[in-house]
Amino acid sequence: MKIGQALLESNIFLAPMAGVTDLPFRLICKDLGCGMVYTEMVSSRGLYYGDLKTEDLLHIEDKEKPVAIQIFGSEPDIMAKAAYSLNDRENLILDINMGCPTPKIVKNGDGSALMKNPNLAGEIVKRVVEESIKPVTVKIRKGWDDNSVNAVEMAKILEANGATAIAVHGRTREQYYSGKADWDIIKKVKEAVKIPVIGNGDVFSVEDAIRLFDYSGCDGIMIGRGAQGNPWIFERINHYLNTGKVLPEATLQQHIDVALKHMRLVVEIKGEYVGIREMRKHIAWYMKGFKNSAQLRNAVNHIDSCQLMEATLLDYLHKLP
Ligand SMILES: Cc1cc2nc3c(=O)[nH]c(=O)nc-3n(C[C@H](O)[C@H](O)[C@H](O)COP(=O)(O)O)c2cc1C
């Protein structure tokens, strides 16, 4: 898939997820064939006012490239200045968040609140495109609620204002993450615009990815929750697309090996205290579905050292019949 001038090796991407898609997890996904990783969303106001916390979110390493930095905000000037301030970063793409449903974001008119204001959304894209030297993409939802489904109208406006690609999450803001993602809306957006469309929502397996491609005709797929504890999903989808054959699921040993590798990366970057606490949720995801995983999760939630985490996981592995 081509975004702007860049030809991507794989069109299966890691969706932006605040609190999840930090550098360590992005490195893990990239290593397993992810075609492009997205940062956690970064506040345009934070960038504009030089907030130190946003700096951590922006750190990019060569090994994870290509990377999309995602920004959010709803003031065209501040978004434009934020975009300009990112011109010397090593991201391939600058993505704008128009999908985040959380009240904290929406109450400021940011994220999915922009679905209610397509003209402002268009103005933001126009200004960001003027100031950014990177291709600008946008991630939208189906609409604000069932009575205002407008992804097609939004996509046309964003395209007309210079967006290079559009990612569509097939849920309304009111749905948050519940119910089923509507892939029809992805198909309708794909039929309505010329720029590449990235389908998103409820891809948890190779089969889901193939169905979404076939059903909607989308150019790429973005995977969020389906990659949590399961970064192999990228190589398995790529393998199927390249060979027509389905690779076996990752084994328990592979889950534990990658969970430990992930833990070491997190601890190296964030230190043991923060790192282990952040890893607890990832380890629960890695171990989900394996025997006695609920008990293991309880144990993991009380662990606060690398050494004990490793010993606990290896003990679990060796004690299983
Ligand atoms: C924990 C979490 C954090 C998220 N953070 C962001 C975000 O920062 N920016 C964004 O555009 N979407 C965010 N999303 C939405 C995902 O990118 C994606 O659109 C959604 O999870 C649907 O895809 P999925 O069914 O593959 O998970 C988040 C989702 C989750 C579960």
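Reader: What makes the space taken by the ligand a pocket?

Author: In this predicted model, the ligand occupies the largest pocket. On a 1 Å grid over the protein atoms alone, a pocket is an open set of points with protein on both sides within 12 Å along at least five of seven lines. A molecule sits there if more than half of its atoms lie within 2 Å of the grid points.

Reader: Which residues are closest to the ligand?

Author: Of the 16 residues that surround the ligand, the closest are Pro16, Gln70, Asn200, Asp202 and Arg225. To be near, a residue needs a heavy atom within 4 Å of the ligand.

Reader: What makes the lysine 139 pair a polar contact?

Author: A polar contact is a pair of N or O atoms within 3.5 Å. A polar side-chain atom of lysine 139 is 2.8 Å from a ligand oxygen, so the pair qualifies. A polar backbone atom of aspartate 202 lies 2.7 Å from an oxygen atom of the ligand. The protein covers 90% of the 610 Å² of accessible area that the ligand has on its own, by the Shrake-Rupley method with a 1.4 Å probe.

Reader: Why is serine 112 called buried?

Author: Buried means under 20% relative accessible area (1.4 Å probe, protein chains only). Serine 112 has 0%, so the word applies. Its side chain also has a polar atom 2.8 Å from the backbone oxygen of cysteine 100.

Reader: How do you know which values count?

Author: Local features need pLDDT of at least 70, side-chain atom pairs 80 or more, while totals for chains, interfaces and linings use all residues. Residues are numbered from 1 along each chain, and side-chain values use heavy atoms, without hydrogens and water.

Conventions
Buried < 20%, exposed > 50% of the residue type's maximum accessible area, 1.4 Å probe, protein only. Polar contact = N/O pair within 3.5 Å; in protein donor to acceptor, adjacent residues only side chain to side chain. 1 Å grid on protein atoms, 1.4 Å probe; cavity = no way out; pocket = protein on both sides within 12 Å on 5 of 7 lines; lining within 4 Å.
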